[in-house]
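These are my notes on the model, set out point by point. They can be read with the coordinates open.

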Amino acid sequence: GEDSFPVIPGSLVKLMSPALEFIKSVTTVLALDTDVLKEVQALKRGLLAQLGVAEYCKVSEWKNPCASFILADVFCMECQESRDLNLCELPPTSNDMSVPKRHWACEECGNPYNPEDIEHRLMDIVRKRILRYQMQDLRCSKTNRVSKRALAKHSHTSADLKLDTPRDNSMKEIKVLNHLARHHELEWLEEMTDDLLG
């Protein structure tokens, strides 16, 4: 069941069957070798049949179970290196229980990054994303022209208006940041994203 899968900060996809996920992952990796593609497809078909899953249904498609959130230009005060840090896929480096969950370290020298700086940068990113969402244009769904009439429900062609960035896309990124905040115990970021998702 769900308890069989590790909880990582970017995990947004609900994974239910370990056997099914194993089959999808292994066959996806094996299918990268084009020389054995037909054999891999036959293997996948047979294994899915044993689980009672149709080969072409949505459940049998592999999807990356972990979202990605890259924080650009994280600066190390010790070695003066600047790196892009994927906060969802790069777990804390220490197994020591005295080190907080939100510990990220430089790949070059091992010096820990300042988690407060990272949290403040993430909060700034959330503010900018929300501002961009709120300030975007409404467009005619037929002509794709920007609507010039304030508070109108329809464009001048009587077509519905649409957003440049749909709400679902904006909220997906906020959910990723919320999971990240919960996992790494970033309390201010968690509170901010909870309010937005609430």
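1. Angles between helix axes run from 0 to 180 degrees between N-to-C directions, and those over 145 degrees count as roughly antiparallel. This cut-off is needed for the helix pair in point 3. The model under discussion is a predicted one.

2. Helix H1 covers residues 18–30. Its 13 residues should span 18 Å at 1.5 Å a residue, and the C-alpha atoms at its ends are 18 Å apart, so the expected and computed lengths agree. Buried positions in H1 are Leu20, Glu21, Ile23, Lys24 and Thr27. Because these cover an arc of only 160° around the axis, they lie on the same side of H1. Phe22 and Val29 are exposed, on the face of H1 turned away from its buried side.

3. What do the buried residues of H1 pack against? They pack against helix H2, residues 37–51. Two packed helices are described by the angle between their axes and the distance between the axes. For H1 and H2 the angle is about 175° and the axes are 10 Å apart. The two helices are therefore roughly antiparallel to each other. H1 contributes Ala19, Leu20, Ile23, Thr27 and Leu30 to the contact, and H2 contributes Val40, Leu43, Lys44, Leu47, Leu48 and Leu51. Sorted by class, the contact of H1 with H2 has 9 nonpolar, 1 polar and 1 charged residues.

4. Lys44 deserves a separate entry. Lys44 lies in H2 and belongs to the contact with H1 listed above. Setting aside residues up to four places away in sequence, Lys44 touches Thr27 and Ser60. Lys44 and Asn144 are 100 residues apart in sequence, and their C-alpha atoms are 43 Å apart in space.

5. Strand S1 (residues 70–75) includes Ile70 and Val74. Is Ile70 buried or exposed? Ile70 has a relative accessible area of 52% and so is exposed. With neighbours within four places in sequence left aside, Ile70 is in contact with Asp84, Leu85 and Asn86. Ile70 and Asp84 are 14 residues apart along the chain, with 6.4 Å between their C-alpha atoms.

6. Val74, by its relative accessibility of 4%, counts as buried. Val74 touches Glu81, Ser82, Arg83, Leu85, Tyr113 and Arg121, not counting residues up to four places away in sequence. Val74 and Tyr56 are 18 residues apart in sequence, yet 42 Å separates them in space, C-alpha to C-alpha. Leu85 appears among the contacts of Val74 and also among those of Ile70.

7. The backbone of the loop between strand S3 (138–140) and strand S4 (161–163), where Asn144 is found, should be inspected. Most residues other than glycine have a negative phi. Asn144 is not a glycine, but its phi is positive, about 65°. Asn144 counts as partly exposed because its relative accessibility is 41%. Ser158 lies in the loop between S3 and S4 as well. Phi of Ser158 is also positive, near 65°. With a relative accessible area of 61%, Ser158 is exposed.

8. Helix H4 (167–183) passes the length check: 17 residues at 1.5 Å a residue should span 24 Å, and the end C-alpha atoms are 24 Å apart, so the two figures agree. The buried residues of H4 are Ser170, Met171, Ile174, Val176, Leu177, Asn178, Leu180 and Ala181. H3 and H5 are included in what covers them. After H4 comes Glu185, with a positive phi near 55°.

9. Helix H5 covers residues 187–197, and its buried residues are Leu189, Met192 and Thr193. These cover an arc of only 90° around the axis, which puts them on the same side of H5. Where do the exposed residues Glu187, Glu191 and Asp195 sit? They are carried by the face of H5 turned away from its buried side. The buried residues of H5 pack against helix H3 (115–135) and H4.

Methods:
Residues are numbered from 1 along each chain as its sequence is written. This is a predicted model: local features need pLDDT of at least 70, side-chain atom pairs count only at pLDDT 80 or more; totals for chains, interfaces and linings use all residues. Side-chain values use heavy atoms; hydrogens and water are left out. Helices (H or I, at least four residues) and strands (E, at least two) are DSSP runs, numbered from the N terminus. The expected span of a helix is 1.5 Å times one less than its number of residues. Buried means under 20% relative accessible area, exposed over 50%, partly exposed in between (1.4 Å probe, protein chains only). The arc is that of the directions from the helix axis to the C-beta atoms. Contact means heavy atoms within 4.5 Å. Angles under 35 degrees count as roughly parallel, over 145 as roughly antiparallel, 65 to 115 as roughly perpendicular and the rest as oblique. Ala, Val, Leu, Ile, Met, Phe, Trp, Tyr, Cys and Pro count as nonpolar, Asp, Glu, Lys and Arg as charged, and the others, Gly among them, as polar.
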